[in-house]
Structure formats: C-alpha cells, structure tokens
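Let's take a friendly look at the empty space in a protein model. Where does it lie, and what surrounds it?

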Amino acid sequence: MELSYLQLDALREVGNIGAGNAATALSQILNKKITMNVPRVFFLPFSQVPDVVGGAENIVAGVYLKVSGDVSGSLLFLLPEESALALVSMLVGGDKKSRLGLSELDKSALMEIGNILSGAFLNALGNFSNLIFLPSIPGLALDMAGAVLSTVLIETGEKSDQALVIETDFVDEDTSIKGHIFLLPDPVSLKVLLKAIGENVDG
Amino acid sequence: MGKVIRVGMADLGIAKCPDSLLTAGLGSCVGVCLYDSVAKVGGLAHIMLPDSNSARSKENPAKFADTAIPLTIEKMSKEGAVKKRIVAKIAGGAQMFSFSNGSDIMKIGERNINAVKRILKELGIALVAESTGGNYGRTIELKTDTGILTIRTIDHGTWEI
C-alpha cells in the first residue's frame, strides 16, 4: 500500500495527538516533565520491526492492548528493561527492582500504566477523528523485544505483509524513563482512519 | 567456524555445513528447523501463522506453516538434501502476554504449534525434538555440522536439543 505525503503527515499528526495526551497523563502520574519526539510513521516488513527498538534480543517490557470499535488494531507500550524497572519503583515505591524480583503488584502497576496511557492516547484520537476506539484489557510481557513485538504483529500478519507503525519516543526530565508507543492499525481500518482525519485535515 | 545466517520473522533460510542458521526473539511464532544429517544441509523457517488459506495476504509463503515448510524442503533439496532423510526440530509457540483476568485471546502460539506438527506429519517428516509453549521468548540456532539446535532464553537458561 502506498501512502501520499499528506496521508503520512496526517498519520504523524495522529501519533502526535495521541502520544501528546499520553505524555501529559504520564507526567501527571509521575509529577515529572515528559518530552516526546515527533512521531515516525513507516511501513516495514515484519522482520525489520524489532530494529526500531534496538534489536530482537533486547529485553523490554511490553503492555499490549487490542483496539476495537470503528478502528481495529493494536496499541503497544514498549519500555527498555531499565526504564520499566525505574517506572515500577516510582509508582510502587521501595528499592530499585530487578526483573525477576517483580511482584504481582509491580506487574499490575505496569499494566495499569499501560491502561491509563492507552486510554489517554485513544481518547485524544477519538476526539480528533470522531471515531470510536475501544481498548481491551492490557496484557504484559517482559522478554525479548522480538518475541514481544512478533506476537503483536501476528494480528496484522493475517491481512498484510507489512506493518504500518506509528511510533513515538518519550523521555522524562532526568532520562530515567524512555519508551515507545506503537499504534498498529489493521490495514482495513487504516482507510477508515485516513478518511476520518482527512476531513479534519481538509477542514 | 562457519558463518551464522540470520533468519527474520516471516522468513526462511537454508545453510550447508559448516554454517548455522539463527533466528532471534521467537515469541508466538514457531521456528521450524529441518535437517538432513547425511548431506549436512539445514533449513529454518520462522513462521507467524498456521494457515495461508484463512489469510487475505498470501504474498509471502514464509509466513505460514502450510506454505513455508514445503518451500523449505524444496530449497534444501536443491542443496543436496533428500526429503526422506530430513528430520525436524521445532521451538517457539509461546503465549507471551499475561492478562490480568487470565484471558486467553492470544492463543496463536498453540495454533501455530499444532499446525506445524500436522503439516510435518502430512509430509512424512519425523519430529525428533521440540521446545514449545511456555510464556517466554526464545532465540534458536541450528548447527548444520551436527544438527544440534541451541535454545537461548532470558530467564530460563540455554540448552540444546
């Protein structure tokens, strides 16, 4: 599928609006300044997607939500291991955690953050596009980036050979927390999304 | 020492002794390793989905169990492998995400494993070893001099099958 420059720009704006709202939510929870980069939009063959986060064997925490409603797809928050552990310490308190030492409470804190951020992300998209986005309950995985990402990409894989990735990086003021937000609309939903935002862009 | 040929997601590769085949970060996908110990030819397919018939996009045969396995055998045959000598080892098919309510909406790993086993059986390829299921990612490497498959994980150790 080929997208025009304007369409790519519109999708970048989608990432911007969603991630901006999510960054604000995270900033309020942590009481820290969160900055984000201009989102990147790309079509990638599946095998290249793990490179976006530094390679298939990097250890990451992923919070995954399936999106349904007017637009179906996947939303994934991906944090490098160190960032995920730092985030848990800030949320739950106590000493610095290790990956194997995470309690159920620690893990549910990570899932809840995913829940809140995705709610913020999708709310902003919904307001902007007048479409309905319904997130599922969050799922959590702490493992190799390739293993986490591929499981999410399988959902897209039935319909396409490439993934449309709308990706934003965010970082807090002392750079202890870095992360990525991925929005992966299903190929059919992409048309719905473009049509909805196209009207907004034109208007 | 031979070189290491990397196989990406939804991709497949063939190697001859002394080279090896590696695929990193298998999650719910399944790594199908085929090996002919006489010709010392190996093949590795990193499949994502069980069945190409239920999919709308069939451009890439390496993505599906039912199309990737026969294609791997065909490519191995061109390098001197003989189908009746080929045996299989498989790894992957994990359930990566745990959901707070124990939901099982992501059972794709299990479906992939079952499809791979069914297709190997249909093709008359013996499955001699496997490391499947669980909830963790795997990086696997097939040595074509011995046919040994090494499995590396983050929290569950490294071993050979």
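The report below covers the pockets and cavities of this predicted model.

## Why look for gaps

A probe with the size of a water molecule, rolled over the atoms, reveals where empty space remains. With that in mind, we can go from the open space to the enclosed one.

## The largest pocket

The largest pocket has a volume of about 480 Å³. It is lined by 22 residues, and those closest to its centre are A:Lys107, A:Leu140, A:Leu142, B:Ser98 and B:Asn135. Two elements of chain A, helix H3 (104-129) and strand E6 (139-144), each give two or more residues to this lining.

As for chemistry, the pocket lining is a mixture: 10 residues are nonpolar, seven are polar and five are charged.

## The cavities

The structure also contains three cavities of 30 Å³ or more. In the largest cavity there is about 70 Å³ of space. Its lining is made up of A:Leu26, A:Val63, A:Phe77, A:Leu79, A:Leu87, A:Leu110, A:Ile113, A:Gly114, A:Leu117, A:Phe170 and A:Ile177. Strand E4 (73-80) and H3 of chain A are the elements that supply two or more of the lining residues, and H3(A) gives the most, with four.

What is the division of this cavity lining into nonpolar, polar and charged residues? There are 10 nonpolar residues and one polar residue, with no charged residue in the lining of the largest cavity.

## A shared helix

Helix H3 of chain A is worth a second look when you turn the model: this helix gives residues to the lining of the largest pocket and also to that of the largest cavity.

Methods
Residues numbered from 1 in each chain as written. Chains lettered and ligands numbered in written order. Predicted model: local features only at pLDDT ≥ 70, side-chain atom pairs only at ≥ 80, totals over all residues. Heavy atoms only, no water. 1 Å grid on protein atoms, 1.4 Å probe; cavity = no way out; pocket = protein on both sides within 12 Å on 5 of 7 lines; lining within 4 Å. Points joined across faces, edges and corners; volume = space filled by probe spheres on them. Nonpolar A, V, L, I, M, F, W, Y, C, P; charged D, E, K, R; others polar.
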